[in-house]
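Student: Please walk me through this model. I want to learn how to read its features.

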Amino acid sequence: MQDSGKNIIIAGVGGQGILLFSNLLSKFYLKRGYHVKISDVIGLGQRGGGVESHFRYSAKPVLSPFIKAGDVDYVISFEQTETLRHLHALKEDGVLLTSTYELTSTSVNARLQKDLPECKTEMIKRSENTKFIIEPNAHKNLDFDINKMMNVVMLGYYAELRNYPHDEMIQIVRENVPAKFVEGNIKAYEMGSQIAREELVAEECVAIRC
């Protein structure tokens, strides 16, 4: 049975493939008969600045792609500073999926701005929302740089959480990624789904099926 739809914010920094993630996910939902709207990417992505995408899928026509704070079902973030930036937007029962990867901003590197005084990962862990946190250093792979492929790793993780068919998702990856990158992206996807399976079992969690 299909759900009625969800509001998702996808966040990260320039170069992390937010557009690709949104494109792949939209193809999946469109094939399932949903209406999909995605906002323009916001931020100075070309400079490694913060980037976000508002992503909405629904069984009914979607009038606007933008999601107001407090109405977000999922925050999917590839960088932990951006995770903290968007935590407030989640519903009380909203779900966070994040990487602990961090890219220090140029303003902090140039000492124009102070960084947060405490560990960002610990701040994220204190969130009362349901959360799933990927530690990239715990999953290093010789075949690809997990931080550079976190978008597709997250896609596999998200699909496992939602109990989506991996064969459909992998076919979408295969059809929408340049041929020379297909193999690496499929490996990244499979890594994400495997990490999710292992962590759900280890923590005795129940996967999100709704």
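Student: How much area does the chain expose?

Tutor: Accessible areas come from the Shrake-Rupley method with a 1.4 Å probe; for residues, only the protein chains shown count as cover. Here the chain exposes about 11,200 Å². Carbon and sulfur atoms supply 51% of that area. This is a predicted model: local features need pLDDT of at least 70, side-chain atom pairs count only at pLDDT 80 or more, and totals for chains, interfaces and linings use all residues. Residues are numbered from 1 along each chain as its sequence is written, and side-chain values use heavy atoms, with hydrogens and water left out.

Student: What share of the residues is buried?

Tutor: Buried means under 20% relative accessible area. Of the 210 residues in the chain, 48% are buried.

Student: Which elements does the chain have?

Tutor: Elements are DSSP runs, numbered from the N terminus: helices (H or I, at least four residues) and strands (E, at least two). The chain has 7 helices and 6 strands. Their order from the N terminus is β-α-β-β-β-α-β-α-α-β-α-α-α.

Student: At what angle do α5 and α6 pack?

Tutor: Axes are lines fitted to C-alpha atoms, for helices over the stretch in contact; angles run from 0 to 180 degrees between N-to-C directions. Helix α5 (residues 150-161) packs on helix α6 (residues 166-176) at about 155°, with axes 10 Å apart. So α5 is roughly antiparallel to α6 (angles over 145 degrees).

Student: Which residues make the contact?

Tutor: Contact means heavy atoms within 4.5 Å. From α5 come Leu155, Gly156, Ala159 and Glu160. From α6 come His166, Met169 and Val173.

How values were computed: Angles under 35 degrees count as roughly parallel, over 145 as roughly antiparallel, 65 to 115 as roughly perpendicular and the rest as oblique. Buried means under 20% relative accessible area, exposed over 50%, partly exposed in between (1.4 Å probe, protein chains only).
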